[in-house]
Amino acid sequence: MRHVLEFDTSLLPQEEAQVVVCGSGIGGLTCAIVLKELGLSPLLLTRGVGNTYYSQGGIAGAVHPADSPYAHFLDTLKAGRFLNDERAVDILVNDGVMRIADLERWGVRFDRRNGEYDTTTEGGHSFPRVLKVRDYTGREIYTRLLRRVQELGIPLVQGELQEILGAERVAGLIYLRDGSLRLLRTPALVLATGGAASMFRHTSNPLRVRGDGIGIAFRAGVPIKNPEFVQFHPTVLEGTNLLISEAVRGEGAILIDEKGNRFVDELLPRDVVSRSIYGVLKRGGRVFLDMRPLLRRGVDLTERFPTIISFLREKGIDPSEEPVPVVPAAHYYIGGVHVDTFGRTPLPGLYAVGECACTGVHGANRLASNSLLEGVVFGYRTAYRIYVDLPRVPPKVPRTVNSPEGKKKPPFSFEALRNLMWECAGLERNEEGLLKAKGALLEWLGELRLSEPSPGTRQLYDILLVALATVEGALRRRESRGVHHRSDYPHEREAFRQDTLIHELDHLDK
């Protein structure tokens with residue numbers, strides 16, 4: 001699907017790279033490091049710090065002798081309501097132990113106690129298998145991997161992907177740097193651009209991570225898989241995007257309403273806890289995370305959760321004296337660009353890893369701390385696949401490519417989109433709300449197609465496509481499963497597996 005104008009690539013400054021990795025989270029950084037270790041010459045294109053940096057909780061892995069990859073496998077399937085791709089899950093839990101060793105080889109130092117990994121429990125896990133670095137695991141991983149990238153001399157370029165070039169296979173890309181468009185020739189492009197949870201009013205994501213990489217791939221003819229599944233984190237500080245890690249509840253914090261009543265088992269899967277909180281908010285109540293039980297167990301809050309405690313105190317909240325007001329917020333986009341277990345998309349030369357990709361490991365709900373593991377496991381595998389696939393003769397860049405439209409002011413704002421998605425396609429969905437959202441999205445897309453090309457409007461166009469795919473997937477899934485809850489279809493449908501690919505959206509042509 002290419003609802004766009006033609007654009008003359010010969011007018012742009014041109015560069016070349018053997019492989020381009022677009023994004024610098026755990027998936028992209030891992031892929032770039034392994035490519036370099038294999039003797040290739042990758043280039044990293046990034047627009048700055050993303051979700052990996054802000055990941056607090058940890059990375060799951062069956063490293064303890066009393067644990068097993070098979071137990072991790074079963075927990076992952078149970079959390080995903082058995083819509084997971086079992087082959088992908090098997091790879092995740094077995095390769096994960098080796099990839100954790102690679103992270104340490106690259107400089108990450110996970111918490112240890114008496115020489116053993118100091119692991120913790122999070123919701124949905126039957127064993128304490130979550131490795132951590134206090135409450136800033138993602139920041140530690142990002143920092144160490146970025147340092148390794150610099151040590152290896154991998155070029156790191158600040159810029160934003162705009163367009164994928166090539167119809168039969170990838171021939172290059174157009175990106176925006178310092179306000180100017182540039183053409184970068186490459187036979188292999190890895191998307192590691194992050195998810196789309198920021199398109200909801202309440203989110204734990206930085207707003208610059210907007211899911212537009214998924215939309216760019218969709219415009220290049222690559223399908224999106226499972227877009228209806230968006231995970232909401234139960235505990236984000238009210239009025240901010242500060243996530244309060246699930247590890248806090250794993251170690252004994254409780255959820256209470258405005259009357260001080262505990263109303264849910266805090267270690268149930270995130271979708272259950274989030275909807276329980278949402279129910280309290282819908283009736284006009286408030287929800288608080290009470291961390292004081294940890295003090296009674298002898299936990300030093302500042303030592304165990306330094307980042308969280310510091311931020312709370314900056315906001316005038318002392319969790320040792322009072323409960324913390326929280327709301328559920330969109331946190332992780334489970335769907336994404338359709339890939340196989342080696343990161344390959346249906347377009348030769350285009351790969352995707354991390355949150356922008358859908359490997360199928362998460363099914364209908366992501367098991368806590370499996371996301372960092374997915375990034376490192378499949379980032380690693382994708383690098384090896386590229387080494388084997390890489391063509392020795394670079395493909396030709398087409399003289400003209402399709403480019404989305406829009407120099408005039410868009411007919412909507414990003415905030416309007418976030419409000420629409422929260423109200424109509426958030427924690428609870430029904431046909432009336434989803435059809436309302438679909439109508440608004442189609443109207444906005446139709447108006448964007450009437451104007452002239454510009455990078456800013458291109459990004460909005462691509463975000464709208466991802467939002468429309470999310471709404472369309474939610475309409476078609478007439479059941480409640482995992483993070484997808486339909487109030488008009490409250491039960492699971494036995495053997496209903498709508499993980500066929502979303503969706504040509506042919507009605508956009510009408």
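**Reading cavities, cores and cysteines**

Q: Why is no bond drawn from the sulfur of Cys22 to the closest cysteine sulfur, in Cys356?
A: The two sulfurs are 8.6 Å apart, too far for a bond. A disulfide needs sulfur atoms within 2.5 Å. The pair therefore fails the test. This is a predicted model, so the distance is computed from predicted coordinates.

Q: Why is Cys358 not paired either, and which cysteine sulfur is closest to its own?
A: The closest cysteine sulfur is again in Cys356. It is 11 Å away, too far for a bond. The cut-off is 2.5 Å, so Cys358 is not joined to Cys356.

Q: How many disulfides does the rule give?
A: The count comes to 0.

Q: Are Cys22 and Cys358 called buried or exposed, and what makes them so?
A: Both are buried. The relative accessible area of Cys22 is 6%. For Cys358 the value is 2%. Buried means under 20%, so each residue qualifies.

Q: What makes Val337 buried or exposed?
A: Its relative accessible area is 1%. The limit for buried is under 20%, so Val337 counts as buried.

Q: Where is Val337, and which residues is it in contact with beyond four places in sequence?
A: Val337 is in strand β19, residues 336-338. Its contacts are Ile214, Ala217, Val222, Pro223, Thr345, Ala352, Cys356, Ala357 and Cys358. Cys358, one of these, is itself buried.

Q: How far is Val337 from Ser68, in sequence and in space?
A: They are 269 residues apart in sequence. C-alpha to C-alpha, they are 30 Å apart in space.

Q: Why is Glu246 called buried or exposed, given that it is a charged residue?
A: Relative accessibility decides the label, and for Glu246 it is 1%. That falls under 20%, so Glu246 is buried.

Q: What surrounds Glu246, and in which helix does it lie?
A: Glu246 lies in helix α7, residues 246-250. Leaving out residues up to four places away in sequence, it touches Glu122, Gly123, His233, Arg270 and Ala368. Glu246 also lines the largest cavity, as do Gly123, Arg270 and Ala368.

Q: How many cavities of 30 Å³ or more does a search of the whole structure find, and what is the volume of the largest?
A: The search finds 2. The largest has a volume of about 50 Å³. Its lining includes Ala79, Gln231, Pro269 and Asn365.

Q: What makes up the lining of the largest cavity, by class?
A: It has 4 nonpolar, 4 polar and 3 charged residues. Glu246 and Arg270 are in that lining. Glu and Arg count as charged, so both belong to the charged group.

Q: What volume has the second largest cavity, and which residues line it?
A: About 40 Å³ of space lies in it. The lining is Val230, Gln231, Phe232, Arg270, Asp271, Ser274, Arg275, Leu427 and Val483. It divides into 4 nonpolar, 2 polar and 3 charged residues.

Q: How do you know which element gives the largest share of that second lining?
A: Two elements supply at least two residues each: β15 (230-237) and α8 (270-282). The largest share, 4 residues, comes from α8.

Q: How much space lies in the second largest pocket, and what lines it?
A: About 270 Å³ of space lies there. Its lining has 16 residues, with Lys78, Arg81, Pro269, Asp271 and Val272 nearest the centre. Helices α3 (69-79) and α8 each give two or more residues. The classes are 3 nonpolar, 6 polar and 7 charged.

Q: What is the largest nonpolar core, and which residues have the most contacts inside it?
A: It has 65 residues. Those with the most contacts are Leu189, Met199, Leu350, Leu417, Met421 and Leu441. Helix α15, residues 455-476, gives the most to this core, with 12 residues. Another core, of 48 residues, lies apart from it, with Phe73, Ala188, Tyr351 and Ala383 among its members.

Q: Which residues does Met199 touch, beyond four places in sequence?
A: Met199 touches Tyr333, Phe414, Leu417, Arg418, Met421, Val466, Ala467 and Thr470.

Q: Where is Glu86, and what is it in contact with beyond four places in sequence?
A: Glu86 is in helix α4, residues 86-105. Its contacts are Phe73 and Leu77. Its C-alpha is 9.8 Å from that of Leu74, 12 residues away along the chain.

How values were computed: Residues numbered from 1 in each chain as written. Predicted model: local features only at pLDDT ≥ 70, side-chain atom pairs only at ≥ 80, totals over all residues. Heavy atoms only, no water. Buried < 20%, exposed > 50% of the residue type's maximum accessible area, 1.4 Å probe, protein only. 1 Å grid on protein atoms, 1.4 Å probe; cavity = no way out; pocket = protein on both sides within 12 Å on 5 of 7 lines; lining within 4 Å. Points joined across faces, edges and corners; volume = space filled by probe spheres on them. Core = buried A, V, L, I, M, F, W, Y, C linked by side-chain atoms within 4.5 Å. Contact = heavy atoms within 4.5 Å.
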